[in-house]
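I opened a fresh notebook page for this one and went through the two-chain model step by step. Here is what I looked up, in the order I looked.

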Amino acid sequence: MAEVAIAGLPQSGKTLFFRAVLELRPTLTAADARFELPVEEGLEIIKKEPFKLPVPVRNYLVCAGCALCQKSCPFGAIYEEDLWIDLLECEGCGLCVHLCPNKALQLANMQVAELIEAREGERKFFKAQLFPGARGTPQLVKAIREQARKEAPYLLDLPSYHGKFLLYALDGTDLVVLFLTPEEQAFPLLKRVSYLAPRARLLVVLSRMGTNQTVEEALKKEISSRGIEVLGELPLMSEEELKGAFQETAQKFLALANL
Amino acid sequence: MIIGLLSLRGGVGRSVLSRALAQKFSAPVYELEVGLPKLWPAEEKEKEVVWGRLSRFKREKCDLCGDCVKQCQFGALSLEGETIKHRGPFCHGCGLCKEICPKKAIELKEYQVGEIVYGTTDGIELFAGRLLRRTPLEGTVIKKLKERFPLPSRAILKAPCGLHGEALSGLKEAEALILVTQPWDRLTEEIKLFGELTQGLGLGGMVIVNQVREEVSVASWCTAYGLFYAGEIPYLPGFQGDLLKAWPEGEAFWDRVRQHLEGGK
């Protein structure tokens, strides 16, 4: 199992589990796909590299204002008024650059983050720091996975953000530990993860159990009908109790994943 | 006033807060977490399919020149041995490959990529969207939601989890941003980042700390970063759903929130 991801619903204890596994395996490579806050204390930064995204840049001296770019932008990222390009909408596809009859547009690379290689004891730890409010989380998770892959096997901790980011986070993973809680969202997430990582082995951890019996029964039924293994089942408990309970779950996981 | 509701981490109370704010301000909620919507109306009044363009690759016309592979920014096309691999889920439907293919081996086709819905839950008006296929077209679903159900003058925009550009991109219409969070060891760093974001966007920002067991002293941090600290919501054991009912002592808190948001305009 070279590439292992931990995904799931919020407040399910997935990061505590991530830490529990790392504690048992001091040399296992780790990656964290939360990019907004600075690197935690305790990690020793070895290398920082700029991370860039392609963005179109307009040369207004050459632009004839024909607005072909604006009309053909598939993402509606160009404003009609002054042909201003909204970088929160632009996907950097380059269609406008290709279509512009005056060659007034060019793709440039804009730095949106720093890729960080760090050390935690004997372990390699891959992270990134996104510039405040910048886009690029799907591309960033792809990039840190590419780096962590060189030090595989690795364990990737994912936030509870399930947009297109999840596609880039799970594509090609070998094993996904999916944390679910008895909530309606558990069903579509289970379906989506099985779909996004079709070749991955899927292990489910049920957390905060004993809080919603109807959903729990339906969820267990759904999991077993899909032939998915349940790695652990934990009642609603405090963070401290959860840490203790994950000792066992983490050991079981390491044996199953052969890590 | 259009309010954008954000949180760095999931599960801190964005859904609960959005419902409470909707009740307090008689405003609808727009659920923008289309990857995995938490809010979905119990009673659906209108529903519509969202169509999106995606590329379709016709192998029989392809002569393996590889131009499309070089140009695709999304890795949706790759040259593998004697064949081009079309990785549908990564296609953003931009159509650049179609434009440059000398053999016209790629076409764009409309697919059902999502659905949008309008309805109510406990008297709250909800507009929500959901991605249906394995596509990255979150933005298409959000745009369609706002186009089909235009934002009224008061609305709560509930962003997906995170303080990154992807979460912010649906909040363009917001006139003020609210950060919902809970006590944790990086709370001050979170507030600092939120302060930088609101300043960068030129918007007013408000911080609400939810599920507080022991008093947190972040008011001065908020002030230092130009943010308004609305106060804390106590930890309510066994709480589910309706915050206004579960926390009747919250009147002063809600008055403060209202005064700040309405007084500012």
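Before checking any strand partners, I noted the rule I was using: two strands count as paired if DSSP finds at least two bridges between them. I also reminded myself that this is a predicted model.

**Entry 1: a parallel pair in chain A**

I began with strand S8 (residues 201-209) and strand S9 (residues 229-235) of chain A, which pair in the parallel sense over five bridges. Which residue in S9(A) is the bridge partner of Met209(A)? I found Pro235(A) there. Then I looked at what links the two strands: S8(A), helix H7 (residues 213-225) of chain A and S9(A) make a right-handed β-α-β unit.

**Entry 2: the whole sheet of chain A**

Next I traced the sheet that these strands belong to. It is an open sheet of nine strands with mixed pairing, and I wrote down its order as S3-S4-S5-S2-S6-S1-S7-S8-S9 (chain A). Which strands sit at the edges? They are strand S3 (44-58) and S9 of chain A, each of which pairs on one side only. I got an average twist of 20 degrees from one strand to the next.

I then picked a second parallel pair. Strand S2 (residues 29-32) of chain A runs parallel to strand S6 (residues 154-157) of chain A, and four bridges join them. Thr29(A) has Tyr154(A) as its bridge partner in S6(A).

Two helices that pack on the sheet went into the notebook as well:

- Helix H4 (residues 137-149) of chain A touches strand S1 (3-8), S2, S3, strand S4 (105-120), strand S5 (123-130) and S6 of chain A, and I read an angle of about 160 degrees between its direction and that of S5(A).
- Helix H8 (residues 239-257) of chain A touches S1, strand S7 (175-180), S8 and S9 of chain A, and its direction makes about 175 degrees with that of S9(A).

**Entry 3: chain A overall**

I stepped back to take stock of chain A. I counted eight helices and nine strands. The C-alpha trace spans about 65 × 45 × 30 Å along its principal axes. Of the 259 residues of chain A, 45% count as buried. What share of the contacts with a separation of 6 or more comes from residues 24 or more positions apart? In chain A I got 77%.

The domain assignment divides chain A into domain 1 (3-28 + 153-257) and domain 2 (52-111). Their C-alpha centres lie 41 Å apart.

**Entry 4: on to chain B**

I ran through the same list for chain B, which has nine helices and eleven strands. Its C-alpha trace spans about 70 × 40 × 35 Å along the principal axes, and 47% of its 265 residues count as buried. Residues 24 or more positions apart account for 69% of the chain B contacts with a separation of 6 or more.

Chain B is divided into domain 1 (2-27 + 152-263) and domain 2 (52-112). Taken over C-alpha atoms, the centres of these two domains of chain B are separated by 43 Å.

**Entry 5: the sheet of chain B**

How are the strands ordered in the open sheet of chain B? I read S3-S6-S7-S2-S8-S1-S9-S10-S11 (chain B), nine strands with mixed pairing. Strand S3 (43-57) and strand S11 (227-234) of chain B are the edge strands. The twist averages 20 degrees from one strand to the next.

I zoomed in on strand S2 (residues 29-31) and strand S7 (residues 124-131) of chain B, which run parallel and are joined by three bridges. Within S7(B), Phe127(B) is the bridge partner of Tyr30(B).

**Entry 6: where the chains meet**

Last, I looked at the contact between the chains. I counted 39 residues of chain B in contact with 39 residues of chain A. Helix H3 (96-100), helix H4 (138-148), helix H5 (165-168) and helix H6 (187-201) of chain B each supply at least two residues of the side of chain B that touches chain A. Which of them gives the most? It is H6(B), with six residues. By type, the residues of that side of chain B divide into 13 nonpolar, 14 polar and twelve charged.

Definitions and conventions
Residues are numbered from 1 along each chain as its sequence is written. Chains are lettered from A and ligands numbered from 1 in the order in which they are written. This is a predicted model: local features need pLDDT of at least 70, side-chain atom pairs count only at pLDDT 80 or more; totals for chains, interfaces and linings use all residues. Domain bounds come from an automatic or database domain assignment. Two residues are in contact if their C-beta atoms, placed from the backbone, lie within 7 Å. Ala, Val, Leu, Ile, Met, Phe, Trp, Tyr, Cys and Pro count as nonpolar, Asp, Glu, Lys and Arg as charged, and the others, Gly among them, as polar. A residue is buried if 20 or more other C-beta atoms lie within 10 Å of its own, exposed if 12 or fewer, and partly exposed in between; C-beta atoms are placed from the backbone. A crossover is right-handed if, with the strands pointing away from the viewer, the path from the first strand over the helix to the second runs clockwise. Axes are lines fitted to C-alpha atoms, for helices over the stretch in contact, and angles run from 0 to 180 degrees between N-to-C directions.
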